[in-house]
Amino acid sequence: MKLSHNARPDQNWLRALMFTIFGSTVLVVSYLQLYFSHLGFSRAEIGYLYGIGPLVSVFSNMFWSMASDRYKTVRKVMIILLGGQLITGVMLANATSFGQVFILVTLFYFFYYPVYPLADTMAITTASKYGRNFTSIRVFGSIGYAFFALSIGYFLGSFGPGWTMWVCVTLAAITLLIGFRLQDQNEPSGSGSKMELSGLWAILKRRDVLSFFGCVFLLALGHRMNEAFLTITLKDLGASEGLIGWSLLISSVSEIPIFLLLSKYGNRYKELPLLTFAALMYTLRLLLMSVSDTPAAVVAIQTMHSVTFGIFYVTAVRYITRLVPDAYRATGMALFTIVWSSASGLLSGTFGGLILDHAGRQVFYLTAMAFSLAALLGFILKLLSSMTKRAE
């Protein structure tokens with residue numbers, strides 16, 4: 001397909017958006033916990049603060065994504081969300097008590113989480129319009145994550161974790177400016193009908209959709225437990241902010257070649273075998289985390305992010321585009337985000353903190369591994385079922 005003259009600006013501004021919003025992911029997912037610890041909060045309190053955002057995002061993801069599908073605009077919704085992040089981020093930077101932080105983090109997450117499924121929706125639509133692969137745009141999120149993981153780690157190591165929220169505010173302001181340059185893409189032909197709740201409910205009741213989201217939820221519990229407390233684990237083992245930054249850099253860089261390979265060759269392989277393999281690698285990764293007792297070992301295990309999250313995420317998005325019709329694309333991605341980030345984040349943050357506090361690091365990671373193992377068994381069953389249907 002020959003690209004139009006306007007294709008490159010469309011894609012480049014979207015790539016810039018991916019680059020910066022995943023920079024804020026570094027802060028929210030990894031360094032925000034250290035910031036809360038800097039404020040004097042306990043691990044259990046940090047777990048509650050990590051968990052309340054995903055709880056709110058269950059509603060915010062559906063609210064904003066359904067609004068995007070109904071009014072057929074991603075750009076305007078994104079601008080509202082980024083503006084909300086900027087305002088609440090400034091307020092959060094000036095809050096110190098647990099009560100204040102709890103309320104403001106709740107508001108911040110209301111605007112924070114929906115940005116990601118909407119950005120993915122825009123990337124899928126833009127890539128489809130210009131005959132490109134989704135991962136050719138999404139990979140810039142990984143590059144941004146890698147860049148900010150290292151640079152933010154060294155910045156906070158030099159100036160202290162008290163600057164965490166001001167870095168977040170700066171990124172939100174830059175991303176908002178980029179958001180004004182985005183363009184809404186025309187929907188593919190045949191998807192012009194408005195999104196209806198009855199149609200969405202019919203999709204959700206399908207057995208293949210329910211079983212997929214069930215497996216995703218189990219896998220997400222293990223993933224989010226590791227993600228939520230990785231920096232705390234490294235800190236307890238004696239790692240510096242700089243080494244924590246390198247740990248995050250290694251994980252994000254490791255997924256880039258996987259994204260590029262899947263972008264070029266991924267369509268040659270079925271989704272379910274790839275998802276099953278990713279679940280197997282997650283189980284092994286978390287088992288290794290349970291027996292690691294040095295920062296160097298934990299950093300080395302981070303390279304497995306490539307064959308766990310890297311393979312899983314791209315393949316899951318591809319699978320969703322097959323399961324969910326185009327008219328429900330933003331809502332389908334929101335549902336995936338709710339299962340992968342919100343619901344799982346709520347449980348992993350709340351109960352993960354309690355397990356880590358009362359049972360220790362080894363039990364914590366063995367519990368995470370058990371969830372990944374359950375997901376692996378679920379994907380194996382789905383794979384066997386699909387093979388049986390093809391044989392009939």
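Helix α9 (helices being DSSP runs of H or I of at least four residues, numbered from the N terminus) carries a kink of about 50°, centred on Phe229, where the bend is the angle between axes fitted to the seven residues ending at a residue and the seven starting there. This is a predicted model, in which local features need pLDDT of at least 70 and side-chain atom pairs count only at pLDDT 80 or more, while totals for chains, interfaces and linings use all residues. Residues are numbered from 1 along each chain as its sequence is written, and side-chain values use heavy atoms, with hydrogens and water left out.

Of the 30 residues of α9, 21 are buried, buried meaning under 20% relative accessible area, exposed over 50% and partly exposed in between, with a 1.4 Å probe and protein chains only. Just after α9, Gly238 has a positive phi of about 100°.

Arg206 sits in the loop between α8 (197-204) and α9, and its relative accessible area of 32% makes Arg206 partly exposed. The side chain of Arg206 makes a polar contact with the side chain of Asp208 at 3.2 Å, a polar contact being a pair of N or O atoms within 3.5 Å, of which, within protein, one must be able to donate a hydrogen and the other to accept it, and residues adjacent in sequence count only if both atoms are side-chain atoms.

The relative accessible areas of four aromatic residues are as follows.

| Residue | Relative accessible area | Class |
|---|---|---|
| Phe110 | 26% | partly exposed |
| Phe111 | 17% | buried |
| Phe364 | 0% | buried |
| Tyr365 | 0% | buried |

How values were computed:
Helix = DSSP H or I, 4+ residues; strand = E, 2+ residues; numbered from the N terminus.
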